[in-house]
Amino acid sequence: MVTRFEVTVNGRPIQVEAGTTAAAALALAGVEACRLSVRGEPRAPVCGMGICFECRASINGVAQTRSCQVLCRPGMPISTDAG
Amino acid sequence: MQADVVIVGSGPAGIAAACAAAEGGANVLVLDDNPAPGGQIWRRAHDAEAQRWIARLRASGAQLRNGTRILGPVNARTLLADNDSGPLFITWRNLVLCTGARELLLPFPGWTLPGVTGAGGLQALVQGGLPIDGRRVVVAGSGPLLLAVAAHLREHGARIEAIAEQARPFHLARFAARLPFGKLLQGWRLSSQLRDVPMLTEAWPIEAEGDSRLHSVRLRTRSGTRRFECDYLACGFGLVPNIELPLLFGCNLNGGFVTVDSLQQTSVPDILCAGEPTGVGGLERSLIEGEIAGHVAAGAPARAKALSAQRERLHRFSARLANAFELREELRQMCQLDTIVCRCEDVAWERISAYSDWRSAKLHTRCGMGACQGRVCGAAVRFLTGRSSHDRARPPLFPASMATLAAEKEPDHG
Amino acid sequence: MSHPDAVVIGAGIVGAACAWMLSREGLSVTVIDEGVIGGGATAAGMGHLVVMDDSEAEFTLTRHSRDLWLTLAPELPEDCEFRQCGTIWVAADEEELAAVHRKHAWYGERGVRTEMLDARALAEAEPHLRPGLAGGLLVPDDAVIYAPCAARWLLGRVAFRAGSVSRIGSGLVVLEDGETIDCGAVICATGCAAIRLFPDLQLRPRKGHLAITDRYPGFVRHQLVELGYLKSAHGTAAESVAFNAQPRATGQVLVGSSRQFENDSSEIDWPILRRMLNRAFDFLPALRSMSVIRTWTGFRAATPDGLPLIGPYGPHENVLLATGHEGLGITTSLGTAELIAAAVLGKTWLPASK
């Protein structure tokens, strides 16, 4: 049996399975871009392993957190630059 | 905290080292940035071999700490690390660096669009729950990883539109002809799974197209330019060893890899290195090197020496691997003058290429001064310029909170 | 280039400024450096363009130099990241506030614009400063700059020669590869390395640390400096830290400062780095949870009296020094360049004239 719980993405609740990363939660919520680049261009995760830093989002109120390296927890707030 | 043997990295090399050392009676601590053991290749431990090794690790008595980033040495025998609860100070007697490798991401027009990912990168993201069912994917770049990624994504419901390998078919065939049977079988199984997918050799991206996200890619192929509509372009050009931590310790490098002897000992006493950072060479090589390093770290070099023939054989295999998938010079032309090379700071190639050395380029354009600390752009620029120079490493090896850097001891819990 | 009118050794901010000024005066100039342009102490400075009041001499040089920067600012390209963000000297308690009052008066007498901030005004100006601080002094015409790019810009089209200098003489520079350059004046702007060419110079390297965060736009708006900075900078203690934080154009926060003698390793010194960061938390507690991307070190060229060495230096004729700027090299580079140009051209330097 797979555990499912709720997290919030830019204030909106979505259901995720246990083992889902915050980066995947963003995609599941339809948020294409995690962050905006220096010149304001949308960016999304690239390396999936925590070295490119394109997946940075605000997680649990802490800005500049790599969302691909964080597993979702019940109630976890995730928000993006543009969100 | 302290341990006789501290192992950085819980991929195959780190797991093998931990098992060898802990089963040999040493007090072992394994540290890894990722949320779970397995590294990249065993990210979700789906296959039997991965599961066996991880079970063995858990039974070995080694202590495992995931979600832990090494920031650097604070003195000769103590590492500072960072995790969710704050700083960790880890004192070690023997250190085994199994920091693995990352994908080589090369710049081309449109590579910064959402939807363009690494090849292993997309696999990792999907393993973390990224929805891929029904999405169209083009897999591109170089290396045996591409086929494995394409097959894996297909299992998750992706529609693989094309696989574009930059290598020449002659080189690939020559590589395949010298593979041991088990590997041939693996390769054949993979390609039969992907029989209906257009497999292009001597092909690479010219441009990823889209506005706010990717919608198609133009590939250079032997017969001209072809366009594929897709939702994801999973593109990686081989592996870059994670040598930043060895460099920070002052380990000697050779050709961009950590120099080790046949017992995996680096140029720094009591520091060993195993797996990709000593030379990119696949799973079996990482496992054998990890095992050797674990035995040596636990004070059992005889057990390590017994594995040297196997190690030799696997080293020869990895040399062939490197040759087959060597990157073509033409890939340098993918990058245009206005292509962003430093993604963290939005610095285009035109500005970076005006400098004749990396340090100048960094200082004057800010490339490499962003959050990724030059991991992506540094590797790209080394390929684009053919220069292998590495910048000196400094702590923190990963961005860390100022409180962690300022801490003199671990926080009290309780 | 054969027989340049001047050779400047050192392509840091001071050398670049000298080369720029001499060039503007119509001299042919060659600049020599064994490393990356702006890669020495220039790369480890905070880039703070600031008026200092430690002594009349320092005040004159910093004030005039700062005004030269303000005049030059519109010409500077974007990568120099010039921002007139101003400085706030932060007073932690009533005693420091009294010192701030005196500073305000002192600057006022000399025509430097400053504004007293009481506790409330300070909090409004910088909401992330911890509550309970007494107030501060705002110096609105102070600015910040990214010095390595400024050095490169100042060098502009001046002839540059990569190389190490093994010795100099009157009108003569000899490089380590054997090449000799005959020239008019020789200006040594090599920072601490000047003692290689002039072993009897009283110059000591004073190590500093810096840390820079990821992007947090708007976190601080002015360069923030604690009053204790002056004691740290002008004192001769073996080790000291003083709070110093700067908003960069990128939105990153640059945090300093530390000073150490007798430590010539460029490795991070963890105990003093921790002291420096903990001092910063005393003023900006929210820094604790901010992501630090890099730390690095550098060496200021320090003289016994804290004043720079600018001007002709024996025994050779036409050899000048432009070094010993401690923590004010970036600010005073332009004023230094004027002094050097005046000396080379045989004019008198009149800072009051524009």
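**Exercise 1.** In this predicted model, determine where Pro396(B) is found and which residue a cis peptide bond joins to Pro396(B).

*Solution.* Pro396(B) sits in the loop between H13 and strand S22 (400–401) of chain B. The cis bond links Pro395(B) to Pro396(B), with omega about 0°.

**Exercise 2.** Locate the cis peptide bond that involves Pro315(C).

*Solution.* The partner is Gly314(C), and omega is about 0°. Pro315(C) belongs to the loop between strand S18 (309–312) and strand S19 (319–323) of chain C.

**Exercise 3.** Classify Glu81(C) and Glu326(C) as buried, partly exposed or exposed, and state the phi of Glu81(C) and of Glu326(C).

*Solution.* Begin with Glu81(C), in the loop between helix H2 (56–72) and strand S4 (87–91) of chain C. Its phi is positive, about 50°, although Glu81(C) is not a glycine. Because 18 C-beta neighbours lie inside 10 Å, Glu81(C) counts as partly exposed.

Turn next to Glu326(C), in the loop between S19 and helix H9 (329–345) of chain C. Phi of Glu326(C) is also positive, near 45°. The burial cut-off is 20 or more other C-beta atoms within 10 Å; Glu326(C) has 21 and is therefore buried.

**Exercise 4.** Describe the contact between chain A and chain B.

*Solution.* Chain B contributes 32 residues and chain A 31 residues. On the chain B side, S7 (101–103), S8 (116–117), H3 (119–127) and H13 (375–385) each supply at least two residues. H3(B) gives the largest share, five residues. By class, the chain B side that touches chain A comprises 13 nonpolar, eleven polar and eight charged residues.

Notes:
Residues are numbered from 1 along each chain as its sequence is written. Chains are lettered from A and ligands numbered from 1 in the order in which they are written. This is a predicted model: local features need pLDDT of at least 70, side-chain atom pairs count only at pLDDT 80 or more; totals for chains, interfaces and linings use all residues. Two residues are in contact if their C-beta atoms, placed from the backbone, lie within 7 Å. Helices (H or I, at least four residues) and strands (E, at least two) are DSSP runs, numbered from the N terminus. Ala, Val, Leu, Ile, Met, Phe, Trp, Tyr, Cys and Pro count as nonpolar, Asp, Glu, Lys and Arg as charged, and the others, Gly among them, as polar. A residue is buried if 20 or more other C-beta atoms lie within 10 Å of its own, exposed if 12 or fewer, and partly exposed in between; C-beta atoms are placed from the backbone.
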